[in-house]
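Me: Please take me through the voids and helix crossings of this protein, setting each label against the rule behind it.

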Amino acid sequence: MYLTHLECPRCGKERPADRPQNLCDCGSPLLARYDLAAVAREVTPERFPLRPADLWRYRELLPVADPRHVTTLGEGWTPLLRTPDYGAEIGIPDLMVKDEGLTPTGSFKARGAAVGVSRARELGVERIAMPTNGNAGAAWATYAARAGMGATIVMPLDAPTICRRECVAAGADLRLVDGLISDAGRRVAELVAGSGGAIFDAGTLREPYRLEGKKTMGYEIVEQLGWQVPDVIIYPTGGGVGLIGIHKALHELRELGWVEDKLPRLVAVQSTGCAPIVRAFAAGEERAQPWENAQTVAFGITVPAPLGDELILTALRESAGTAVAVTDEEILGDLRDFAAREGLLLCPEGAACLTAARQLRAGGWIRAGERVVVLNTGAGLKYPETVDVSDLPVLPA
């Protein structure tokens, strides 16, 4: 294993990686660091096509030392699909969608759960707890069950029903809260504090290894493009782990010497009903203030106060990127238009990225001829209410 230590991006303090860790003493998430020079000496990009088509093909850049602790359902290596009809319609002929809906639990959250659970298992954790907007809880409950670990999941009452059923099916201790994910987070904090160390807090960015699973999206995009980077990557941003992870992956790739110095511009997409990152980015602030009365059809990005706000804003500014807020009406309209043209039903969070791409191209921020990758973070089938079928004709028998 090439993992060397954990590092705080805010205060620079280093922590050992050989025991379970949560936040730094200063309150910042911790980041996993590797001996990238040693990785570059041992591995070349030509090796990866000879390995299984899952995220563990990048095992030297992941934090699990003993393969016996790897907990997997075949996650990763999702398709990068060209979308010529819709792309041409919005003025981006080289538009591609990375479809995370084909992961084992139906969303990109399976990546973080696979690596996070595997490392927790290796470090001796027996039960995890976490707040969730739905998909992360379903993924962590599923992978915890496969690893033989317990899981306590706290979920807002309005979260997608299918995610609730996934947790129950996986044998998790599921608790519902009449509120938002921030309210669920307070419940989890109480449970962890009262457990005497028996429960490990696996909430978003509160442990450092979920991010390592998510970063493999960045590795895959670059490998699938023949070790070339796109011009723009557009990501739906709630907690922001995926965007932070892709940013981390791109910098690791550059340090490894596997890509050139020029990296993609990153775009964080939020809903006008919950846009703390967009507001902070526009104001030039380093931290995002909590969003009041958050509500959007894209439930996965309903995060009023993301813990990783500093890291998200840093990723956007370092990449010369931007942040965009779109309306629910635009999200649902682009979701239906894209499905009719390309045959792929996106989740509302993924459709929000299409809306952002369309607006950014119309405004000239995305330039003619640029290659753009949009992340569809989950299966559209998990959100059946996004397609209205109430007015269909009924034929007599």
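Reply: A cavity is a set of points on a 1 Å grid over the protein atoms alone where a 1.4 Å probe fits but cannot get out, and its lining residues have an atom within 4 Å of a point. The model is predicted, so local features need pLDDT of at least 70 and side-chain atom pairs pLDDT 80 or more, whereas totals for chains, interfaces and linings use all residues. Residues are numbered from 1 along each chain as its sequence is written, and side-chain values use heavy atoms, without hydrogens or water.

Me: How many cavities does that rule give, and what lines the largest cavity?

Reply: The count is one cavity of 30 Å³ or more, and the largest cavity has a volume of about 50 Å³ (the space filled by probe spheres set on grid points joined across faces, edges and corners). Its lining consists of Pro 20, Gln 21, Gly 116, Arg 119, Ala 120, Leu 123, Val 125, Phe 200, Glu 207, Pro 208 and Tyr 209, and helix α3 (residues 109-122) supplies the largest share, three residues.

Me: How is the lining of the largest cavity divided by class?

Reply: It has seven nonpolar, two polar and two charged residues, where Ala, Val, Leu, Ile, Met, Phe, Trp, Tyr, Cys and Pro count as nonpolar, Asp, Glu, Lys and Arg as charged, and the others, Gly among them, as polar.

Me: What makes a space a pocket instead, and what lines the largest pocket?

Reply: A pocket is an open set with protein on both sides within 12 Å along at least five of seven lines. The largest pocket has a volume of about 730 Å³, and of its 45 lining residues the closest to the centre are Pro 131, Ile 181, Thr 204, Gly 239 and Val 303. The elements giving two or more residues to this lining include β6 (127-131), α4 (135-147) and α6 (181-193), with α6 giving the most, six residues. By class, the lining has 21 nonpolar, 17 polar and seven charged residues.

Me: Which residues and elements line the second largest pocket?

Reply: The second largest pocket holds about 480 Å³ of space, and of its 24 lining residues Pro 9, Leu 31, Arg 33, His 247 and Leu 311 are the closest to its centre. Two or more lining residues come from each of β3 (31-34), α1 (36-42), α9 and α11 (309-318), and the lining divides into 10 nonpolar, five polar and nine charged residues.

Me: Why is α8 called oblique to α9?

Reply: The axes of α8 (residues 216-224) and α9 (residues 241-256) come within 7 Å and cross at roughly 55 degrees. That angle makes α8 oblique to α9, because it is not under 35 degrees (roughly parallel), over 145 (roughly antiparallel) or 65 to 115 (roughly perpendicular). The contact, meaning heavy atoms within 4.5 Å, involves Met 217, Gly 218, Tyr 219 and Val 222 of α8, and residues of α9 including Ile 246, Ala 249 and Leu 253. Eight nonpolar, two polar and one charged residues make up this contact.

Me: What makes α4 roughly parallel to α5?

Reply: The axes of α4 and α5 (residues 161-169) come within 8 Å and cross at roughly 15 degrees, and that makes α4 roughly parallel to α5. Asn 135, Gly 137, Ala 138 and Ala 141 of α4 meet Cys 163, Glu 166 and Cys 167 of α5, a contact of four nonpolar, two polar and one charged residues.

How values were computed:
Axes fitted to C-alpha atoms, helices over the stretch in contact; angles between N-to-C directions. Helix = DSSP H or I, 4+ residues; strand = E, 2+ residues; numbered from the N terminus.
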